[in-house]
Amino acid sequence: MSRRFSWKNVSAEARLLLIGIPVFLWTMIPVYHLFLFAISSKDSATSGRLWPKEPTLQNFNIVFREQHFYLNHFWLQLFNSVVIALAVAVLTLFVATCAAFAISRLKLSGGRTVMNLALFTYFIPAAFLAVPMYKTMSVYGLLNNQWALILAMVTIASPYCIWVLKQASDKLPWELDEAARIDGASPLQLFRLVYVPLMVPSLVAVGTYSLLLAWNEYLYAFLLLSKDTDVTLAVALGNFLSADDSPWELLMATGFIYALPPAAIYYAFKRYMVSGLTAGAVKS
């Protein structure tokens, strides 16, 4: 019996490997080619070699020193990306946490309807909402202002984050709320002392999700911001493709640098991302 069980485990592991290895390779091959371009000279970048004949870090040096026309504002644009992503994460967390608490724990009248209507917006592709969003920001005088992008991304991220937090909040024991109310806790104290501490894993998950969403956004950043000193690095990377003779090696080096922070953030909080986004990371 134990031998049969052991072979069953081996068979299951083998099937997982047969699926996992091709998926891993399919995912890593583009990343490998990105790095390959980044450490290649301009002449050898498109040679088709699996490894450059003379690998170099000169491209990274050019990027860090802003020694190219497209890189004149590299550090400022990277800073813009960081500030916008953090602002989106903080605002989304605030909106989603308060909304989920009101809907799930305070049983706000009509709260579930509002949440379902917000989720309904995801049936419309984000690209279709770009023009209405542009018009809205124009009406309120926010075009070419980083707040336009921040508010747009909070609008896009909030419905899903509210839904995730609401699902996680529903799993919290009601006895905790009743005990807090018996002790004389107000709704604000209940939110601050009971709800938020127990929701930390899910809060980290949705905060990371909204941060990465804003970090990788291109379309709205391109539409709502125009000044080179205001745009995010994602938009600046797109400018590399406007020339007939694009410096691919510099583009890939910049892209590789730009990909490192979200990768580090994801792997730092991946435990929370997996558990929190499935609304299962709840303390009892």
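Helices here are DSSP runs of H or I with at least four residues, numbered from the N terminus. By that count methionine 28 lies in helix 1, residues 2-38. The model is predicted.

**Overall build**

The protein has 13 helices and zero strands. Read along the sequence, the pattern is α-α-α-α-α-α-α-α-α-α-α-α-α. The C-alpha trace spans about 75 × 70 × 30 Å along its principal axes. The protein has 284 residues, and 38% of them count as buried.

**Helix 1 and its nonpolar patch**

Which residues form a nonpolar patch on the surface? They are Leu17, Ile21, Phe24, Leu25, Met28, Ile29 and Val31. Together they offer about 640 Å² of accessible area. Methionine 28 is a member of this patch. Its relative accessibility is 35%. Partly exposed covers the range between under 20% and over 50%, so methionine 28 counts as partly exposed.

**Pockets and the cavity**

Rolling a probe the size of a water molecule over the atoms shows where empty space is left. The table sets out the spaces discussed below.

| Space | Volume | Lining by class |
|---|---|---|
| Largest pocket | about 320 Å³ | 12 nonpolar, one polar, no charged residues |
| Second largest pocket | about 250 Å³ | 11 nonpolar, two polar, no charged residues |
| Largest cavity | about 40 Å³ | eight nonpolar, no polar, two charged residues |

Start with the largest pocket. It is lined by 13 residues. Thr27, Met28, Val31, Ala263 and Tyr267 lie nearest its centre. Helix 1 and helix 12 (248-268) are the elements that give two or more residues to this lining. Helix 12 gives the most, with seven residues. Met28 and Val31 therefore appear twice: they belong to the nonpolar patch, and they are among the residues nearest the centre of the largest pocket. Methionine 28 is partly exposed there, at 35% relative accessibility.

The second largest pocket is also lined by 13 residues. Those nearest its centre are Thr121, Tyr122, Leu129, Thr155 and Ile156. Which elements give two or more residues to its lining? Helix 5 (130-139) and helix 6 (146-170) do. The largest share comes from helix 6, with three residues. No charged residue lines this pocket.

Now the enclosed space. How many cavities of 30 Å³ or more does the structure hold? It holds one. Its lining is made up of Phe101, Arg105, Leu172, Pro173, Leu176, Asp177, Leu190, Val194, Tyr195 and Leu198. Helix 7 (174-182) and helix 8 (187-198) are the elements that give two or more residues to that lining. Helix 8 supplies the largest share, four residues. Two residues of the lining are charged. By the class rule for Arg and Asp, these are Arg105 and Asp177.

**Helix 6: a buried isoleucine**

Isoleucine 162 lies in helix 6, the helix with the largest share of the second largest pocket's lining. Is isoleucine 162 buried or exposed? Its relative accessibility is 12%. The cut-off for buried is under 20%, so isoleucine 162 counts as buried. Isoleucine 162 and leucine 119 are 43 residues apart in sequence. In space they are 9.1 Å apart, C-alpha to C-alpha.

**Two loop residues with positive phi**

Most residues other than glycine have a negative phi. Two residues here go the other way.

Glutamate 66 has a positive phi of about 55°, although it is not a glycine. Glutamate 66 sits in the loop between helix 2 (58-65) and helix 3 (74-104). Its relative accessible area is 26%, which means it is partly exposed.

Asparagine 144 has a positive phi of about 60° and is not a glycine either. Where is asparagine 144 placed? It is in the loop between helix 5 and helix 6. Those two helices each give two or more residues to the lining of the second largest pocket. Asparagine 144 has a relative accessible area of 39%, so it too is partly exposed.

Terms used: Residues are numbered from 1 along each chain as its sequence is written. This is a predicted model: local features need pLDDT of at least 70, side-chain atom pairs count only at pLDDT 80 or more; totals for chains, interfaces and linings use all residues. Side-chain values use heavy atoms; hydrogens and water are left out. On a 1 Å grid over the protein atoms alone, a cavity is a set of points where a 1.4 Å probe fits but cannot get out, and a pocket is an open set with protein on both sides within 12 Å along at least five of seven lines; lining residues have an atom within 4 Å of a point. Grid points are joined across faces, edges and corners, and a volume is the space filled by probe spheres set on the points. Patches are made of residues with over 30% relative accessible area and no salt bridge: like charges are joined within 9 Å, nonpolar side chains (Val, Leu, Ile, Met, Phe, Trp, Tyr) within 5 Å. Accessible areas come from the Shrake-Rupley method with a 1.4 Å probe; for residues, only the protein chains shown count as cover. A salt bridge is a side-chain nitrogen of Lys or Arg within 4 Å of a carboxyl oxygen of Asp or Glu. Buried means under 20% relative accessible area, exposed over 50%, partly exposed in between (1.4 Å probe, protein chains only).
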